[in-house]
Amino acid sequence: MLRREEMNNRENRAIIIDPSEDFDKIKGLASKIRLKILEIIDQGAKNINELSAALEMPQSTIATNVMILEEAGLIKTEQIKGKKGTQKICHPIYSEIVIEFANLKREVEQDNVIEVEMPIGLYNRYEVSAPCGLCSTESIIGYLDVPNHFLNPERVKAGLIWFEKGYVEYKFPNNSLYKDTSLKTLELVTELSSEVPGTNKEWLSDISLWLNDVKVGTWTSPGDYGDKRGKLTPSWWKLEGSQYGLLKSWRVTNNGSFVDGLKISDVKIADLDLSAHHSITVKIGVEDDAKHVGGINIFGRGFGNYNQDIVLRLYFS
């Protein structure tokens with residue numbers, strides 16, 4: 001249950017739903033009544049009586065549908081004292097709900113796309129704070145919670161990196177310099193989550209991306225996932241640790257920057273000044289003054305749910 005101050009300070013949070021894994025949420029949305037409830041409380045919290053009056057339906061019907069939405073994690077409720085007994089107040093959690101079919105592959109003309117995959121351990125600069133660490137698919141790399149051990153040469157084998165705040169920075173080749181056609185989209189795809197000692201699926205963290213030292217924007221990670229073992233996470237990795245993240249697509253276009261299709265800033269391709277750089281620097285991290293300093297997990301090959309490291313794609317006209 002949320003505290004009242006948390007409910008009153010609801011932010012514009014989005015959730016990406018994978019139908020193959022979030023069937024309970026799909027079920028929660030599969031009703032005109034429940035969709036209407038979500039629409040009404042998005043304008044402000046309502047109790048069961050108010051929802052019943054707004055929808056002209058029996059309170060019992062509303063209560064049943066509210067329970068389904070709550071069990072699906074799509075709303076939060078609280079019990080408060082009323083004139084007669086207590087009343088259940090329904091609050092929204094998300095302002096945007098996106099259903100993403102992860103298994104649908106985009107078909108692109110390879111002549112118009114250049115893709116480079118960077119191992120997550122091949123960062124060229126870093127600045128991190130404890131709790132932090134790295135591990136390969138076989139073992140922990142160096143010592144836990146010692147930032148200096150991010151210099152360990154074994155980092156090139158990393159399949160998982162985590163830290164509370166700070167950043168890691170990578171240098172990708174700037175292949176746009178060698179194409180005759182104009183760049184229309186730069187996409188960065190990586191698996192990310194928040195980081196908390198243990199795990200907590202409702203642990204917010206503001207994760208930011210910079211390209212060529214230009215801050216593209218910030219995505220708020222909903223949590224640190226450990227409810228089940230990641231599809232690729234090795235069996236030796238403790239179940240109490242972070243298991244998987246969400247595959248995020250950061251895109252910079254001529255119309256602005258987006259995460260999974262949701263606009264996060266007005267930063268455009270031209271703002272990156274690519275023609276002046278022989279490389280494309282990619283920095284991912286959590287700022288010291290972020291509203292939600294909730295850490296970061298970066299998943300690479302052999303960990304999490306997606307067998308990839310950090311992928312940079314350049315799409316040309």
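**Exercise 1. Find which residue in E11 is the bridge partner of Glu127, and work out where strand E7 sits in its sheet.**

Step 1. In E11, Glu127 has Tyr167 as its bridge partner. Val128 is matched with Gly166 in E11. Strands here are DSSP runs of E with at least two residues, helices are runs of H or I with at least four, and both are numbered from the N terminus.

Step 2. E7 and strand E11 (residues 166-173) run antiparallel and are joined by 4 bridges. That is enough to pair them, since two strands pair if DSSP finds at least two bridges between them.

Before going on, keep in mind that this is a predicted model, where local features need pLDDT of at least 70, side-chain atom pairs count only at pLDDT 80 or more, and totals for chains, interfaces and linings use all residues. Residues are numbered from 1 along each chain as its sequence is written, and side-chain values use heavy atoms, with hydrogens and water left out.

Step 3. Zoom out: 5 strands make an open sheet, ordered E7-E11-E18-E13-E14, with antiparallel pairing. Strand E7 (125-128) and strand E14 (214-221) are at the edges with a single partner strand each, so one side of each has no neighbour in the sheet.

Step 4. Now look along E7. Tyr126 and Val128 point to one face and are buried, while Arg125 and Glu127 point to the other and are not. Buried means under 20% relative accessible area, exposed means over 50%, and partly exposed is in between (1.4 Å probe, protein chains only).

**Exercise 2. Work out which strands stand at the edges of the sheet E2-E4-E3.**

Step 1. This open sheet has 3 strands with antiparallel pairing. Strand E2 (46-47) and strand E3 (75-81) stand at its edges, so each has one side without a neighbour in the sheet.

Step 2. Check the pairing: E2 and strand E4 (residues 86-92) share 2 bridges in the antiparallel sense. Cys90 in E4 is the bridge partner of Lys46.

**Exercise 3. Trace the salt bridges of Arg313, starting with Glu115.**

Step 1. Get the rule straight: a salt bridge is a side-chain nitrogen of Lys or Arg within 4 Å of a carboxyl oxygen of Asp or Glu. By this rule the count comes to 13 salt bridges.

Step 2. Glu115 and Arg313 meet through their side chains at 2.7 Å, N to O. Glu115 is in strand E6 (residues 113-118) and Arg313 in strand E20 (residues 310-316), 198 residues apart.

Step 3. Are these two buried or exposed? Glu115 counts as partly exposed at 45% relative accessibility, whereas Arg313 is buried at 18%.

Step 4. Arg313 also forms a salt bridge with Glu187 (3.2 Å, N to O). Glu187 lies in strand E12 (residues 183-193), so this pair ties together parts 126 residues apart in sequence. Glu187 is buried, with a relative accessible area of 1%.

Step 5. Put it together: Glu115, Glu187, Arg251 and Arg313 are linked in a network of salt bridges.

**Exercise 4. Describe the salt bridge between Glu287 and Lys215.**

Step 1. Their side chains meet at 2.6 Å, N to O. Glu287 is in the loop between strand E18 (279-286) and strand E19 (296-299), and Lys215 is in strand E14, 72 residues apart.

Step 2. Glu287 is partly exposed, with a relative accessible area of 25%. Lys215 counts as partly exposed too, at 35%.
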